[in-house]
Amino acid sequence: MCHYFQAVILAITLYLLYTASAWVMLRSASNPRVGPLAWVLVFVAVFGHTDAIVHTMRADGPFSIGLLEALSLLAWTLAVLACLICIEKHNRVLGSILLASAAFGAAVTGAGRTYAEENVLGWALTAHILLSMGAAALLFAAAVTALLLVFLDRRLRTRRIADLSNVLPPLDTLERLMFRLIGAGFVCLTLALLTGFVFVTNLFTQLLIQKTLLSLIAWVLFGTLLIGRIRYGWRGRAAVRWTLSGFGVLTLAYFGSKFVLETMHGRHWG
């Protein structure tokens, strides 16, 4: 019971810290005076979240990563990415959205369950988990950027863009940021797939066929988008659709397959 209340208090604390940091960071985009407070809140939230994850890994084993642990780890990765993005003032709206998203993932820290290990522990599985989280965070940020592009495009068409010029970068700058995030995410996804194949011995008996196929489809979608951007100058709505489609498939590949594997089969994989 004591452990339960500690987990609840931890969840509420992390959620409030990330929510507050997202709100103050958003305000700092137009009010530089609250910038120092925003960074303090962000660092406290990330430090507390890091400590909670390390404690969980020490208690349950670093490779016992179920769905809720994966969501918490993704939230931590999003928060770290948000810190890097928020260095540039014009990107603080995007960073604030990532911090707000991290609040929900951080709220399940310590709430997962421990599974018996079925993998051979080693560098490949560790690298696969970290690279998967990195790819998911970067491509999530790219998907959020794509939605911001849709929002800005609609505001521009209705000539209501002036009030956002101080807090959001121009469309072209935001689009370039989206493709940089996609490029970095694609590299991480490629490496995650390669390291994943190291510990896979049988896709069917290990129940990894759905995850693998969906991940490869997402890889093809993002790869095609990058080639289209480089060779044919793809941009605008087409790029947004490809980005959102690729991230949707990737979400099903990792978190969807994890949910099915754990709820229906009582098993898990990194």
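Start by selecting Phe255, which counts as buried at 14% relative accessibility. Keep in mind that this is a predicted model.

**Stop 1: Phe255 and its surroundings**

Phe255 sits in helix α8, residues 236-265. Which residues does Phe255 touch, leaving out those up to four places away in sequence? Select Leu67, Ala70, Leu71 and Leu74. Now draw a line between the C-alpha atoms of Phe255 and Leu71. The separation reads 8.4 Å, although the two positions lie 184 residues apart along the chain.

**Stop 2: aromatic pairs**

Show the rings of Phe, Tyr and Trp. The model holds 6 aromatic pairs. Go to Trp234 and Trp242, one of these pairs. Their centres are 5.5 Å apart, with 35° between the planes, and the pair is tilted. Are these two residues buried, exposed or partly exposed? Trp234 is partly exposed at 26% relative accessibility. Trp242 is also partly exposed, with a relative accessible area of 28%.

Next, add Tyr254 to Phe255. The ring centres of Tyr254 and Phe255 are 5.2 Å apart and the planes meet at 90°, so this pair is edge-to-face. Tyr254 and Phe255 are both buried.

**Stop 3: the whole chain**

Zoom out and switch to cartoon. The protein chain has 8 helices and 0 strands. From the N terminus the order is α-α-α-α-α-α-α-α. Of the 270 residues, 47% are buried. Turn on the surface: the chain exposes about 13,800 Å², and carbon and sulfur atoms supply 71% of that area. Contacts reach along the sequence too. Among contacts with a separation of 6 or more, 78% join residues 24 or more positions apart.

**Stop 4: the nonpolar core**

Hide the surface. Select Tyr18, Leu94, Leu98, Leu99, Met178 and Ile182, the residues with the most contacts inside the largest nonpolar core. That core has 71 residues. Which helices supply at least two residues each? Colour α1 (2-28), α2 (35-60), α3 (67-85), α4 (92-106), α5 (123-157), α6 (171-199), α7 (209-232) and α8 to see them. Helix α5 gives the largest share of the core, 17 residues.

Centre on Leu98. Set aside its neighbours within four places in sequence. Leu98 is then in contact with Leu78, Leu81, Ala82 and Ile85, and also with Phe140, Ala141 and Val144.

**Stop 5: cysteines**

Select Cys83. Its closest cysteine sulfur belongs to Cys86. Why is there no bond between Cys83 and Cys86? The two sulfurs are 7.0 Å apart, which is too far; a disulfide needs them within 2.5 Å. The count for the model is 0 disulfides. Cys83 is buried at 15% relative accessibility. Cys188 is buried as well, with a relative accessible area of 18%.

**Stop 6: confidence**

Finish by colouring by pLDDT. The chain has a mean of 83, and 79% of its residues reach 70 or more. Compare two helices. Confidence is highest in α4, at a mean of 94. Confidence is lowest in α8, at a mean of 83. Now select residues 116-120, where the pLDDT is below 50. Beyond near neighbours in sequence, this stretch has 10 contacts in the model.

Conventions: Residues numbered from 1 in each chain as written. Predicted model: local features only at pLDDT ≥ 70, side-chain atom pairs only at ≥ 80, totals over all residues. Heavy atoms only, no water. Buried < 20%, exposed > 50% of the residue type's maximum accessible area, 1.4 Å probe, protein only. Helix = DSSP H or I, 4+ residues; strand = E, 2+ residues; numbered from the N terminus. Contact = heavy atoms within 4.5 Å. Phe/Tyr/Trp six-rings, centres within 6.5 Å; stacked < 30°, edge-to-face > 60°. Areas by Shrake-Rupley, 256 points an atom, 1.4 Å probe, with all protein chains shown as cover. Core = buried A, V, L, I, M, F, W, Y, C linked by side-chain atoms within 4.5 Å. pLDDT = per-residue confidence, 0-100.
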